[in-house]
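Reader: I'm new to reading protein models, and I'd love a close look at one part of this one. Could you take me through how two neighbouring helices pack, and then how that spot fits into the rest of the chain?

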Amino acid sequence: MKYNKEADPFSAAKAEETLKNLEKSPINIRCMAENGFMEPLLNHLIDGSEEVRMEMVSYLGGIVLEDEMKTYVAERASTTLIQMIRREALRALVQISAHPPNCNILMAAGIMQTVVEEILPRRINSEPLDSPKEATTILANILESDEEGSSEMKVSETGHTIVSHYFIYSIAQLIKSSIPEEASANLVRILLSLAKLPYAMATVVSVVMEIGVMQTFVEFLNSELEALAVVAAKLLIALSAR
């Protein structure tokens, strides 16, 4: 009724007024979003208090979005979500990054360095990864999108890029450590994407030999997680060409 202004302006105005009143309850905002009316959720996500924003992110991470809506959310909320980079925000960004056309929007909003910082400091400080699946999924999705310039994006304040020895070495080291298999699968996806780049393949091979991670890839072939076994096989096939 809200959007049927030309046919019934009076009902449209009343519907809009009613929906506005319903926004006073967060659960109503979630119901609206689940039924395709995303504006209240996005407005509160962008302009709400810290508590409200976290609640909206929690809702957004649990709603299944169509590809067109993923793009709309990416355009409106990517910057806010990246600034809020926490577990629920990461869940929302995972869904957005799964639609390849959105990856350029995410990169422009500064996703690369932010998401890498979510992954690598955990290794440096010897802390457990508290959001490895989400952060590594986002990075793997972006690299697999083949978006122009993704491999050249800086991932650290010191100027390291995705194809630098520093980054590839760090990812390989993470693969050797004890982290959940879903996160390992995403890390292997990242290395596989880099191995497909002619100018990065030599670095990938060098790092793999340097730290002895080849045995880990072979062990992944027996993983009960099919996604990990498959992507490990693909990487081994790529590496076997050298």
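**A helix pair and its surroundings**

Author: Happy to! Let's begin with the whole chain: among contacts between residues at least 6 apart in sequence, 65% join residues at least 24 apart. Please keep in mind that this is a predicted model. The protein chain has 14 helices and zero strands, so read from the N terminus, every element in the run is an α. Its C-alpha atoms fill a box of roughly 70 × 40 × 35 Å along the principal axes, and 48% of the 242 residues count as buried.

Now for the pair. Two packed helices are described by the angle between their axes and the distance between the axes. Here the partners are helix α3, residues 39–47, and helix α4, residues 50–62. Their axes come within 8 Å and cross at roughly 140°. That angle is why α3 is called oblique to α4. The crossing of these two helices is left-handed.

Which residues meet in this contact? From α3 come Leu41, His44, Leu45 and Ile46, while α4 brings Val52, Arg53, Met56, Val57, Tyr59 and Leu60. Sorted by type, the residues of this contact are eight nonpolar, one polar and one charged.

From here we can step outwards through Leu81. Among the residues Leu81 touches are Leu45, Val57 and Leu60, and each of these three also takes part in the contact of α3 with α4. Leu81 touches Ala89, Ala92, Leu93 and Ile96 as well, leaving aside residues up to four places away in sequence.

Leu81 also belongs to the largest nonpolar core, which has 74 residues. Together with Ile111, Leu139, Phe167 and Phe217, Leu81 is one of the residues that touch the most other members. The largest share of this core, nine residues, comes from helix α11, residues 181–195.

For a last stop, look further along the chain at Phe220, in helix α13, residues 214–220. Is Phe220 buried or exposed? Phe220 counts as buried because its relative accessibility is 11%, and the cut-off for buried is under 20%. Around Phe220 you will find Ile175, Ser184, Val188, Leu228, Ala229 and Ala232, all in contact with Phe220, again not counting residues up to four places away in sequence. Phe220 and Val231 lie eleven residues apart in sequence, and their C-alpha atoms are 9.0 Å apart in space.

Note on methods:
Residues numbered from 1 in each chain as written. Predicted model: local features only at pLDDT ≥ 70, side-chain atom pairs only at ≥ 80, totals over all residues. Heavy atoms only, no water. Axes fitted to C-alpha atoms, helices over the stretch in contact; angles between N-to-C directions. Helix = DSSP H or I, 4+ residues; strand = E, 2+ residues; numbered from the N terminus. Parallel < 35°, antiparallel > 145°, perpendicular 65-115°, else oblique. Left-handed = near helix turned anticlockwise from the far one by under 90°. Contact = heavy atoms within 4.5 Å. Nonpolar A, V, L, I, M, F, W, Y, C, P; charged D, E, K, R; others polar. Core = buried A, V, L, I, M, F, W, Y, C linked by side-chain atoms within 4.5 Å. Buried < 20%, exposed > 50% of the residue type's maximum accessible area, 1.4 Å probe, protein only.
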